[in-house]
Structure formats: structure tokens, C-alpha cells
Amino acid sequence: MDKPHWTKRKKEGLLIPAIATREELDEFEQQNIEEAIQWTLSRNFKRNSLLTEAFVKDVHKRMYRNVWAWAGDFRKTNKNIGVDRWQVAVELKSLLDDARFWIDNDVFSPDEIAVRFKHRIVSIHCFSNGNGRHSRLMANIIIEKMFNGNVFST
Ligand SMILES: Nc1ncnc2c1ncn2[C@@H]1O[C@H](COP(=O)(O)OP(=O)(O)OP(=O)(O)O)[C@@H](O)[C@H]1O
Ligand SMILES: [Mg+2]
């Protein structure tokens, strides 16, 4: 999906001008993502705060904020994958509502809920980039924080 050579548009919002190659970009993004993972590991989240637009954006922001100015912001252009840009918030809301319903009513196993969530959110494609990695981290958060965390241990 990424072209071998960067177009001007691809570099828009890049916060570290020294990044010149795909490998350097991957490296900086990976460092930032590790910070975000540390943040998720160090906290307990309440279920109702996880299944919100604000949390979905916050995770993306924490994964990419050192690298991209638009980290945590919904995309403003259409892509060949994903819903129309004006539908992003609506489709995400619908996914978050469905996920809440699946959990409240034990519709699927925890693993299946996480996998369905991951597939749906990546197909919405909320952000300009980083959606695959974001969806994988969100799935991990759902498994670890919603099913093994303190949510069901009362
Ligand atoms: N044609 C497609 N149909 C379904 N999903 C797709 C398609 N093309 C890309 N994807 C999904 O989009 C993701 C890539 O989107 P994006 O570049 O925003 O994420 P990324 O985190 O930068 O990349 P990656 O997932 O490769 O690490 C892929 O992981 C894949 O799940
Ligand atoms: Mg990408």
C-alpha cells in the first residue's frame, strides 16, 4: 500500500524533518508505539471509557504523536480502503455500540469480539495512516483490559 518513494502528501504532518527513509520512519513510529504500549500496560481502564471515540483517538495519538502532527485526528481525505471520510465518526459509533452489545450479552467469546473489532475498525480506516497497527493494539487492549482486567472481577 505504501509506495517505495514518498510523495509530498505522504510527508505532510511529519514532525521529524530528519526522517528521510521508510526505515527511519518505521523506527521512529515503533519507538512511539512502544511508549503507547507502556501507557496501556500501566493503567486500568473502565470499560465505558474504552469503547468511546475519545479513547480510540487517544490510543492513535499516543502511538504516533511524536512523529505525525495528525496523530489522533480522523482522516480528512478518502482512500481506496475505508468508508467515506464523512462516515468515519458514524461508522465508528456503530462499531462501539455493537461491541458494547456483544460484551453485555455474551454474544461472542472474548477473542472473537477482539477480532471482529479489529476487522471492523481497520475497514473503517479512521486515520490517514497507522490503522493496522492501531487496530492490533486496540484488539490487545480489549482482550487484556476488558476481559482479564478488573472489569469482571467485582
Ligand atoms: N484492500 C484492503 N482490504 C482490507 N483491509 C486492507 C486493505 N488494504 C489495507 N488493509 C488494512 O489496512 C491496514 C493498513 O493500513 P494503514 O497503512 O493505515 O496501517 P499501518 O499500521 O500503517 O500498516 P500495517 O498494518 O501494514 O502495519 C492493513 O493492516 C490491513 O489490515
Ligand atoms: Mg501504513
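This is a short talk on one ligand shell, two helix pairs and two single residues in a predicted model.

Let me start with the ligand. Ligand 1 is surrounded by 8 residues, and the closest are Ile-81, Val-122, Asn-131, Gly-132 and Arg-133. Which helix gives the largest share of that shell? That is helix H7, residues 131–147, with 3 residues. Sorted by class, the shell around ligand 1 has 3 nonpolar, 4 polar and 1 charged residues.

Now stay with H7 and look at its partner. Helix H4, residues 53–64, packs against H7 at an angle of about 120°, and the two axes are 10 Å apart. Angles from 65 to 115 degrees count as roughly perpendicular and those over 145 as roughly antiparallel. The angle here falls in neither range, so H4 and H7 are oblique to each other. The crossing of H4 past H7 is right-handed. On the H4 side the contact is made by Val-59, His-60 and Met-63, and on the H7 side by Arg-133, His-134, Leu-137 and Met-138. By class, that contact has 4 nonpolar, 2 polar and 1 charged residues. Note that Arg-133 has come up before, among the closest residues to ligand 1.

The second pair is helix H5, residues 88–104, and helix H6, residues 110–124. Their axes come within 10 Å and cross at roughly 175°. How do H5 and H6 run, roughly parallel or roughly antiparallel? They are roughly antiparallel, because angles over 145 degrees count that way. H5 brings Val-88, Glu-91, Leu-92, Leu-95, Ala-99, Trp-102 and Ile-103 to the contact, and H6 brings Ile-113, Phe-117, Arg-120, Ile-121 and Ile-124. These residues divide into 10 nonpolar, no polar and 2 charged.

Last, two single residues. Glu-12 sits in the loop between helix H1, 8–11, and helix H2, 22–41. Is Glu-12 buried or exposed? Glu-12 has 11 other C-beta atoms within 10 Å, and 12 or fewer count as exposed, so Glu-12 is exposed. Glu-12 and Trp-68 are 56 residues apart in sequence, while their C-alpha atoms are 8.3 Å apart in space.

Asn-32 lies in helix H2. With 19 other C-beta atoms within 10 Å, Asn-32 is partly exposed, because a buried residue needs 20 or more. Leaving out residues up to four places away in sequence, Asn-32 touches Met-63, Tyr-64, Arg-65, Asn-66 and Val-67. Met-63 is also one of the H4 residues in the contact with H7. Asn-32 and Lys-61 are 29 residues apart in sequence and 9.8 Å apart, C-alpha to C-alpha.

Methods
Residues are numbered from 1 along each chain as its sequence is written. Chains are lettered from A and ligands numbered from 1 in the order in which they are written. This is a predicted model: local features need pLDDT of at least 70, side-chain atom pairs count only at pLDDT 80 or more; totals for chains, interfaces and linings use all residues. A residue is near a molecule or strand if its C-beta atom, placed from the backbone, lies within 6 Å of it. Helices (H or I, at least four residues) and strands (E, at least two) are DSSP runs, numbered from the N terminus. Ala, Val, Leu, Ile, Met, Phe, Trp, Tyr, Cys and Pro count as nonpolar, Asp, Glu, Lys and Arg as charged, and the others, Gly among them, as polar. Axes are lines fitted to C-alpha atoms, for helices over the stretch in contact, and angles run from 0 to 180 degrees between N-to-C directions. Angles under 35 degrees count as roughly parallel, over 145 as roughly antiparallel, 65 to 115 as roughly perpendicular and the rest as oblique. A crossing is left-handed if the near helix is turned anticlockwise from the far one by less than a right angle, and right-handed if clockwise. Two residues are in contact if their C-beta atoms, placed from the backbone, lie within 7 Å.
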